[in-house]
Amino acid sequence: MASFSSHNFSGHKALIRVDFNVPIKNGVITDDTRIRAALPTIKKVLADGGSVVLMSHWGRPLKDIEKKPNLTLADFTLKPVAAHLATLLGTDVQFADDCISDDAAQKAAALQPGQVLLLENLRYYKQEEKGDVDFAAKLAKLGDVYVNDAFGTAHRAHASTAIIAQFFPGDKKMFGLCMEGEVTAAENVLHNNKKPFTAIIGGAKVSDKILIIENLLEKATDIIIGGGMAYTFFKAEGGHIGSSLCEDDRLDMALDLIRKADEKGVTIHLPADSIIADKFAADAATSSSLSSEVPAGWMGLDIGNMAIAHFKQVISQSKTILWNGPMGVFEMDKFQHGTKAIAEAVVEATKHGAYSLVGGGDSVAAVNKFGFADKVSYVSTGGGAMLEYFEGKELPGIAAINK
Ligand code: AMP
């Protein structure tokens, strides 16, 4: 693998896999975070005197068209992104109507240093998600250096994210700056961490987070469990949880995790008390109770004050913090307090020198909602990819470059 930062792109044509899967409504981009995230990588190539061929997926055209025959491929075009990117870069962005057509090949071949070409949506072809080698070979011809800057799809062995790398020698394939940032942040937490290392795991379901917790039992000193998933643990231990979220088929698994943590000397922290509600609604009546004594007909929708004080204490003593998943139903104002308090504690610990990584869809949404995104060490953009990384899996997009 080559280093992107030290590569001189002068006279090179960089074929960059980006993640431009941004929300577009009626042709208007409503959140351009992912496009902005790719700018440093694109600008570096252009500044060196290279040219850029960009490729991305957008949505699930073939699957959606199958379900809704009134849709056509044109509903999934990346064209609006080309226009927006041109504004952000302050330079023209050419567009090829098809990612592997003769037109795409001619436009790529004719690119001059400083010029940018965006290819149409890779997922117009089923070969992309199938990881088809011939399709990858056609894409590979469009550039002479392959740069993967799409961490969000690094857990997929797709043609443009993994298979394509085999067509480039070791010194001509590399991570872009965005991907490099994600990989470094994840490595800091998993492999170069300072102890105490606290993982804060929340969200709805234990079953979604079981692999991550199991892997973290090998790395972390403390695991804080909050959110809906905590009640499965309380029930497993004989508690009464009312109508709180619970996965009854995971009770044994929860006990098994507690036993394993004990064996490994990892402390699992559960929220002693909860904010409870008489229904799952923003206007529900609320009260508080011990999490193991939720009255019948009530449900825990946030962690309580004792839990907040306890978790804050653990977080304040941590040197490394990984946070995935909210502590409660933070989308509703009445149940956002716990998640906000934990976000504040993570920010505070970061100020005092801890390394903090927030990853996974809803916790990222939470730090954004509370305006803390720039006050933690790193916010990961790659939801599923980051989860799989923390589950200890090898991500095909990373492995393909490292080979
Ligand atoms: P996940 O995608 O697994 O991280 O779960 C995030 C979702 O879990 C958010 O939409 C939260 O509203 C929800 N959640 C968090 N705590 C609870 C809870 N105590 N009861 C029900 N849902 C919850």
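Here is a chat about the cavities, pockets, ligand site and backbone oddities of a predicted model.

Colleague: Let's start inside. How many cavities of 30 Å³ or more does the structure hold?
Modeller: Keep in mind that this is a predicted model. Two of its enclosed spaces have volumes listed here: the largest cavity at about 110 Å³, and the second largest at about 30 Å³. The number of cavities of 30 Å³ or more is 2.

Colleague: Which helix gives the largest share of the lining of the largest cavity?
Modeller: The lining includes Asp19, Asp149, Phe151, Cys178 and Thr381. Thr33, Arg34, Ala37 and Ala38 are also among the lining residues, and the helix in question spans residues 33–48. With 4 residues in the lining, the largest share comes from helix α1.

Colleague: And how many residues of that largest cavity's lining are charged?
Modeller: The nonpolar residues number 5 and the polar ones 4. Asp19, Arg34 and Asp149 are in the lining, and Asp and Arg count as charged. That puts the charged count at 3.

Colleague: Over to the second largest cavity. How many charged residues does its lining have?
Modeller: Among the residues around it are Ile212, Trp323, Asn324, Met386 and Phe390. β17 (320–324) and α14 (383–390) each supply at least two residues of this lining. By class there are 6 nonpolar and 3 polar residues, and the charged count is none.

Colleague: Now the ligand. Which pocket does it sit in?
Modeller: Around the ligand there are 15 residues, with Ala204, Gly228, Gly300, Glu331 and Asp362 the closest. By class, that shell has 7 nonpolar, 5 polar and 3 charged residues. As for the site, the ligand sits in the second largest pocket.

Colleague: Which residue puts a polar side-chain atom 2.5 Å from an oxygen atom of the ligand?
Modeller: Ala204 uses a polar backbone atom, 3.1 Å from a ligand oxygen. Gly300 also works through its backbone, with an N or O atom 2.9 Å from a ligand nitrogen. The side-chain atom at 2.5 Å belongs to Glu331.

Colleague: Given those contacts, how much of the ligand's exposed area does the protein bury?
Modeller: Start with the ligand taken alone, which exposes 510 Å². Of that area, the protein buries 81%.

Colleague: What about the largest pocket: which element gives the largest share of its lining?
Modeller: This pocket has a volume of about 770 Å³. Of its 30 lining residues, Asp19, Arg34, Thr381, Gly382 and Gly383 are the closest to its centre. The elements giving two or more residues are α1, α13 (361–369) and α14. The largest share, 4 residues, comes from α13.

Colleague: How many of the largest pocket's lining residues are polar?
Modeller: Set aside 6 nonpolar and 8 charged residues. Gly382 and Gly383 are among those closest to the pocket's centre, and Gly counts as polar here. The polar count is 16.

Colleague: Any backbone oddities? Which peptide bond is cis, with omega near -5°?
Modeller: Look in the loop between α7 (177–190) and β9 (197–201), where Pro196 lies. The cis bond there runs from Lys195 to Pro196.

Colleague: And which residue has a positive phi although it is not a glycine?
Modeller: Go to the loop between β2 (24–25) and β3 (28–29). The residue there with a phi of about 50° is Asn26.

Key: Residues are numbered from 1 along each chain as its sequence is written. This is a predicted model: local features need pLDDT of at least 70, side-chain atom pairs count only at pLDDT 80 or more; totals for chains, interfaces and linings use all residues. Side-chain values use heavy atoms; hydrogens and water are left out. On a 1 Å grid over the protein atoms alone, a cavity is a set of points where a 1.4 Å probe fits but cannot get out, and a pocket is an open set with protein on both sides within 12 Å along at least five of seven lines; lining residues have an atom within 4 Å of a point. Grid points are joined across faces, edges and corners, and a volume is the space filled by probe spheres set on the points. A residue is near a molecule or strand if one of its heavy atoms lies within 4 Å of it. A polar contact is a pair of N or O atoms within 3.5 Å; within protein, one must be able to donate a hydrogen and the other to accept it, and residues adjacent in sequence count only if both atoms are side-chain atoms. Accessible areas come from the Shrake-Rupley method with a 1.4 Å probe; for residues, only the protein chains shown count as cover. A molecule sits in a cavity or pocket if more than half of its atoms lie within 2 Å of its grid points.
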